[in-house]
Amino acid sequence: MSALQLSHQDLLKIYRTMRMIRRFEERVMAEMATGDIPGNTHLYAGQEASAVGVCLQLEEG
């Protein structure tokens, strides 16, 4: 098994994507708390790396 090699630019893109997901989750949580978004949701906060890691492996087709 070989180690995954990522460039500095790739690592920044991964971090920024995880941060964007977290900001979205925080916004959803805040708007649900005020009642601006009715209903229920399952927040994904703390699991951003899982989504980004899976999507990193996706390829065309």
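The following exercises, with worked solutions, concern salt bridges and exposure in a predicted model.

**Exercise 1.** Determine how many salt bridges the structure holds, and which residue pairs form them.

*Solution.*
Step 1. Side chains of opposite charge can pair when their charged atoms come close.
Step 2. A salt bridge requires a side-chain nitrogen of Lys or Arg within 4 Å of a carboxyl oxygen of Asp or Glu.
Step 3. Arginine 22 and glutamate 48 satisfy this criterion, with an N to O distance of 2.5 Å.
Step 4. Arginine 27 and glutamate 31 also form a salt bridge, and their closest N and O atoms are 2.4 Å apart.
Step 5. The structure therefore holds two salt bridges.

**Exercise 2.** State where the partners of each salt bridge lie along the chain.

*Solution.*
Step 1. Arginine 22 belongs to helix α1 (residues 8-34), whereas glutamate 48 belongs to helix α2 (residues 48-56).
Step 2. These two residues are 26 residues apart, and the pair links distant parts of the chain.
Step 3. Arginine 27 and glutamate 31 are both found in helix α1, four residues apart, which is about one turn of the helix.

**Exercise 3.** Classify arginine 22, glutamate 48 and arginine 27 as buried, partly exposed or exposed.

*Solution.*
Step 1. Buried means under 20% relative accessible area, exposed means over 50%, and partly exposed lies in between.
Step 2. Glutamate 48 has a value of 6%, so this residue is buried.
Step 3. Arginine 22 has 29% relative accessibility and is therefore partly exposed.
Step 4. Arginine 27, at 54%, is exposed.

Technical notes
Residues are numbered from 1 along each chain as its sequence is written. This is a predicted model: local features need pLDDT of at least 70, side-chain atom pairs count only at pLDDT 80 or more; totals for chains, interfaces and linings use all residues. Side-chain values use heavy atoms; hydrogens and water are left out. Buried means under 20% relative accessible area, exposed over 50%, partly exposed in between (1.4 Å probe, protein chains only).
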